[in-house]
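The following report works through one protein chain, beginning with a single residue and its surroundings and then moving outward to sheets, cores and charged pairs. The sequence and the coordinates come first.

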Amino acid sequence: MGKNSYTGSCLCGNIRYTITEPPLFVGTCHCRMCQKWTGSPMFASATFATSAVKVLLGSPKKYKSSEVSERFFCNDCGSSLFTRYCSGGAFDSLTHIMVGTLDNPEVGKPVFHYGAESELSWMHSEDGIPRIRIDVSDPAKQNDLIAELVALGQKT
C-alpha cells in the first residue's frame, strides 16, 4: 500500500475495497440518520473521490436512506461501509468511507462536525473544529453545505 492508497473491509472480510488517492477531508456526522445507521453517537468518515474507490471483493448492499443519500453495508455481517450523496450536485462524486473500516484508520483528523443539531450533549467538546448544522431538507442547500466542507478540507 502506497502513501496515497488505502485498503479496508467489513468486519467479516467478505467485502474488501481499495482507494488509490488521498482523502479530500475527514469529518464526523452527528445527524440522527447517521446515529441510527451506525448505532453510535456519531460516525467518522474519510471522504474520497468516488473514482478512486474500488470494491475488490464482494458486493455491498445499498440502502437509499433519503432523497439525497445512499448507504452501503455488508449484507453478511452488517458493517456500515460508506455513504454517497445522490442529490444532483457536485458532492455526488464523493464517497464517505467509514474510518473504522479502513485497515489503517489513522487517515487524518476531522476538520468539521456535521449534523451538529443532533450532537449528544455528552459527546460535545470544545475542540475548535467547526460545527455545521444540516437541518435543511432542500438538496440545493445541502450541496451548498457540502461545498463549505470541501473548502474546509482543502485548508488543512
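When residues up to four places away in sequence are left out, Thr-101 touches Gly-8, Ser-9, Tyr-17, Ser-80 and Leu-81. The coordinates behind this statement, and behind everything below, belong to a predicted model. Thr-101 itself lies in the loop between S9 and S10, and its side chain makes a polar contact of 2.7 Å with the side chain of Tyr-17. Is this loop residue buried or exposed? With a relative accessible area of 9%, Thr-101 counts as buried, because the limit for that class is under 20%.

**The three-stranded sheet**

Two of the residues touched by Thr-101, Gly-8 and Tyr-17, also stand opposite each other, Tyr-17 being in S2. The strands concerned, S1 and S2, run antiparallel and are joined by 4 bridges; they form a hairpin with 6 residues between them, and in its turn Gly-13 has a positive phi of about 85°. This hairpin belongs to an open sheet of 3 strands in the order S1-S2-S5, with antiparallel pairing. Its edge strands are S1 (6–9) and S5 (53–57), each of which pairs on one side only, and the twist averages 25° from one strand to the next. Between S2 (residues 16–19) and S5 the antiparallel pairing extends over 4 bridges, with Ile-19 standing opposite Val-53 in S5.

**The eight-stranded sheet**

A second open sheet contains 8 strands in the order S6-S7-S8-S9-S4-S3-S10-S11, and its pairing is mixed. S6 (61–66) and S11 (131–132) stand at the edges with a single partner strand each, so one side of each has no neighbour in the sheet. The mixed character can be followed through S3, which runs antiparallel to S4 but pairs in the parallel sense with S10; S10 and S11 in turn run parallel. The table sets out these three pairings, with one facing residue pair for each.

| Strands | Sense | Bridges | Facing residues |
|---|---|---|---|
| S3 and S4 | antiparallel | 5 bridges | Gly-27 and Ser-45 |
| S3 and S10 | parallel | 2 bridges | Thr-28 and His-113 |
| S10 and S11 | parallel | 2 bridges | Tyr-114 and Ile-132 |

How many of the residues of S3 are buried? For S3 (residues 25–29) the count is 5 of its 5 residues, and the strand is accordingly described as mostly covered. Phe-25, Gly-27 and Cys-29 point one way from the strand, while Val-26 and Thr-28 point the other way, and all are buried.

**Nonpolar cores**

In soluble globular proteins, nonpolar side chains tend to be buried together. Here the largest nonpolar core has 18 residues, and those with the most contacts inside it are Tyr-6, Ile-19, Ala-46, Phe-48, Ile-97, Leu-102 and Val-107. The elements that give two or more residues to this core are S2, S4 (43–49) and S8 (80–85). Which residues does Val-107 contact, leaving aside its neighbours within four places in sequence? They are Tyr-6, Pro-23, Val-26, Ala-46, Phe-48, Val-99 and Leu-102. Apart from this core lies another, of 16 residues, which includes Trp-37, Met-98, Phe-112 and Tyr-114.

**Salt bridges**

A search of the whole structure finds 2 salt bridges. In one of them, the side chains of Asp-103 and Arg-16 meet at 2.6 Å, N to O, and the pair links distant parts of the chain, since Asp-103 is in the loop between S9 (94–98) and S10 (113–114) while Arg-16 is in S2, 87 residues apart. Asp-103 is partly exposed, with a relative accessible area of 42%, and Arg-16 is likewise partly exposed, at 27%. The other salt bridge joins the side chains of Lys-62 and Glu-70 at 3.4 Å, N to O. Is Glu-70 buried or exposed? Its relative accessible area is 16%, and Glu-70 is therefore buried.

Taken together, the loop between S9 and S10 holds both Thr-101 and Asp-103, and each of these residues has a side-chain partner elsewhere in the chain: Tyr-17 for Thr-101 and Arg-16 for Asp-103.

Technical notes
Residues are numbered from 1 along each chain as its sequence is written. This is a predicted model: local features need pLDDT of at least 70, side-chain atom pairs count only at pLDDT 80 or more; totals for chains, interfaces and linings use all residues. Side-chain values use heavy atoms; hydrogens and water are left out. Two strands pair if DSSP finds at least two bridges between them. Axes are lines fitted to C-alpha atoms, for helices over the stretch in contact, and angles run from 0 to 180 degrees between N-to-C directions. A salt bridge is a side-chain nitrogen of Lys or Arg within 4 Å of a carboxyl oxygen of Asp or Glu. Buried means under 20% relative accessible area, exposed over 50%, partly exposed in between (1.4 Å probe, protein chains only). A nonpolar core is a set of buried Ala, Val, Leu, Ile, Met, Phe, Trp, Tyr and Cys residues joined through side-chain atoms within 4.5 Å. Contact means heavy atoms within 4.5 Å. A polar contact is a pair of N or O atoms within 3.5 Å; within protein, one must be able to donate a hydrogen and the other to accept it, and residues adjacent in sequence count only if both atoms are side-chain atoms.
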